[in-house]
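Please open the structure in a viewer and keep the selection tool at hand. The tour below proceeds by selection, with a note at each stop on what is found there.

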Amino acid sequence: MASLIPCPHCGIRPKEEFSIRGDASLVRPDPESSDETWNDYVHIRANPRGRYREHWQHVAGCRRWLVVERDTFTHEVFSVSDGAVRPWETSR
Amino acid sequence: MRYSAFSIVKNALSGNVNWKPAWRQPEPKPFYDVIIVGGGGHGLATAYYLAKEFGVRNIAVLEKGYLGSGNVGRNTTIVRSNYMLPGNEPFYEFSMKLWEGLEQDLNYNAMLSQRGIINLFHNDGQRDAYIRRGNAMWMEGVPAELLDRAALRKMLPYLNFDHARFPIIGGLLQKRGGTARHDAVAWGFGRAADKHGVDLIQNCEVTGIRRENGVVTGVETSRGFIGCGKLGLAAAGNTSRVGQMAGLKLPIESHVLQAFVTEGLKPAINHVITYGAGHFYISQSDKGGLVFGAEIDGYNSYAQRGNLATVEHVMEEGVTMIPGLSRARVLRSWGGVMDMSMDGSPIISRTPIDNLYLNAGWCYGGFKATPASGWCFAHLIAKNETHPVARFLRLDRFERGYPIDEHGAGPQPNLH
């Protein structure tokens, strides 16, 4: 994992300031959705080896939720953006 | 060749030039009744029990690297059956019993050492939780002992009992727990499986799973297409990648776990000890090195290497528990890729594809399960029926709402 993360609000910060939630490509389904849709959201993960978009929170900084795009094998970080600013709801 | 004291003497007298390789290096055949993907502990154990206990012939194990190059050679070698939940404990106890007879069964010295595992606790609530766990073990017929502070002081005088924040007030002991030499477990299962006619095919990476009319007909590999009647996946940290080849949707994330060993020291730590105020565990190898580790790094990773922040955290935990550790020098550290499931418990299961079977989700507890995992997976593949002690470890338990969540952490893999 890269040691330094460029937070869009705080600048370059050590990665230990951040807390990792997980896969950012998941979209919370409608409450009335089928059990299968909910199961996919709660339990099923694509778990790619390569590019991956993840929700991180800058808990020791701006406390914003961010989307970090990185590689799960090389640990290279490609981009960091604010979770609310960028339309991250891409299809899975 | 059968190993014995006599064979050692005989070969020593003849200059040790007559030892035979422990297994063959066969070329892949065009078709096998059963193919196991993954030549680690679980895959090799599965092949061995398939051949020996369930009478299946014509088996191959495909390994992309060399035998035992994954997590079976990257763990902290701990063997135990001190789980709490009814979905887990009978399974791990079955494994413990297999460990106890394993070396005779395999004719291989796995250096099983039942030195006892002690889980420390630091406050009243934690003591209650460990009493509950001990009682749950007794209900499955597994002996557990509660140790008070005085007993612990006698057994483990080097612990930091009076730490201001995390004083040690007792521990839960499973005497039959301990360690086994991890590489020897892989080699022993591999050699025994080979003896039963299993083809162990190394440097053979599976690149695709061919399906016709909804069933698996074989696998594409780096050494060509190999047909099969049944396919078993035991690919540990790469389960998602292999599963994707068959279109499986899996409740798994891959995470990295680090482990460490110090330089060799004189015998100092006679048990396996786990810290209750963190997730630190330590034992001493027969060679003298202190072997220890803690939690996963906490981010998805397919790299077999970890982060320095976690290294620092592990060292801090160790020194908090045993101040004398600060004088030991770390020799090596390494990382392994864990298939973390959504509830922290494993999966031995059928899949939506009739002749495809899955062995996965071992999180960072797969080593102790090696014999039982192999046995139960072999049972499932041979009979198409779940083994009784593994009946809760189904893939569909998540969608049905029956997770086996020992930590109570919810569907968040980096918290298990």
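Begin by selecting residues 34–78 of chain B, in what is a predicted model. The C-alpha atoms at the two ends of this span are 30 Å apart, and its content is 27% helix and 20% strand. According to UniProt, in an unreviewed entry, the feature "domain: Rhodanese" is placed at these residues of chain B.

Next, widen the selection to the whole of chain B. This chain holds 10 helices and 18 strands. Its radius of gyration is 21 Å, close to the 22 Å given by the globule rule for 416 residues, so chain B is as compact as a globular protein of that length. Along the principal axes, the C-alpha atoms of chain B fill a box of roughly 65 × 60 × 40 Å.

Within chain B, now select the strands of the open sheet. Eight strands make up this sheet, in the order 5-6-4-13-14-15-12-16, and their pairing is mixed. At the edges are strand 5 (145–148) and strand 16 (330–341) of chain B, each of which pairs on one side only. From one strand to the next, the twist averages 25°.

Add helix 8 (residues 308–321) of chain B to the view. Helix 8 packs on the sheet and touches strand 12 (252–264), strand 14 (281–284), strand 15 (289–300) and strand 16 of chain B. The direction of helix 8 makes about 135° with that of strand 15 of chain B.

For a detail of the sheet, isolate strand 4 (residues 117–121) and strand 6 (residues 170–174) of chain B. These two strands pair in the antiparallel sense over five bridges. Which residue in strand 6 of chain B is the bridge partner of B:Ile117? The partner is B:Gln174.

Turn then to helix 3 (residues 89–106) and helix 9 (residues 370–383) of chain B, which pack at an angle of about 110° with their axes 7 Å apart. The two helices of chain B are therefore roughly perpendicular to each other. Display the side chains at this contact: from helix 3, B:Phe91, B:Phe94, B:Ser95, B:Leu98, B:Trp99 and B:Leu102 meet B:Pro371, B:Ala372 and B:Trp375 of helix 9. By class, the contact comprises eight nonpolar residues, one polar residue and no charged residues.

Finally, show chain A together with chain B. Here 15 residues of chain A are in contact with 21 residues of chain B. Helix 1 (residues 35–42) of chain A gives the most to the side of chain A that touches chain B, contributing three residues. That side of chain A has six nonpolar, five polar and four charged residues.

Conventions. Residues are numbered from 1 along each chain as its sequence is written. Chains are lettered from A and ligands numbered from 1 in the order in which they are written. This is a predicted model: local features need pLDDT of at least 70, side-chain atom pairs count only at pLDDT 80 or more; totals for chains, interfaces and linings use all residues. UniProt positions are given in the numbering used here, feature names are shortened, and annotations may be inferred rather than shown by experiment. Helices (H or I, at least four residues) and strands (E, at least two) are DSSP runs, numbered from the N terminus. Two residues are in contact if their C-beta atoms, placed from the backbone, lie within 7 Å. Ala, Val, Leu, Ile, Met, Phe, Trp, Tyr, Cys and Pro count as nonpolar, Asp, Glu, Lys and Arg as charged, and the others, Gly among them, as polar. Axes are lines fitted to C-alpha atoms, for helices over the stretch in contact, and angles run from 0 to 180 degrees between N-to-C directions. Angles under 35 degrees count as roughly parallel, over 145 as roughly antiparallel, 65 to 115 as roughly perpendicular and the rest as oblique. Two strands pair if DSSP finds at least two bridges between them. The radius of gyration is taken over C-alpha atoms; the globule rule is 2.2 Å times the number of residues to the power 0.38.
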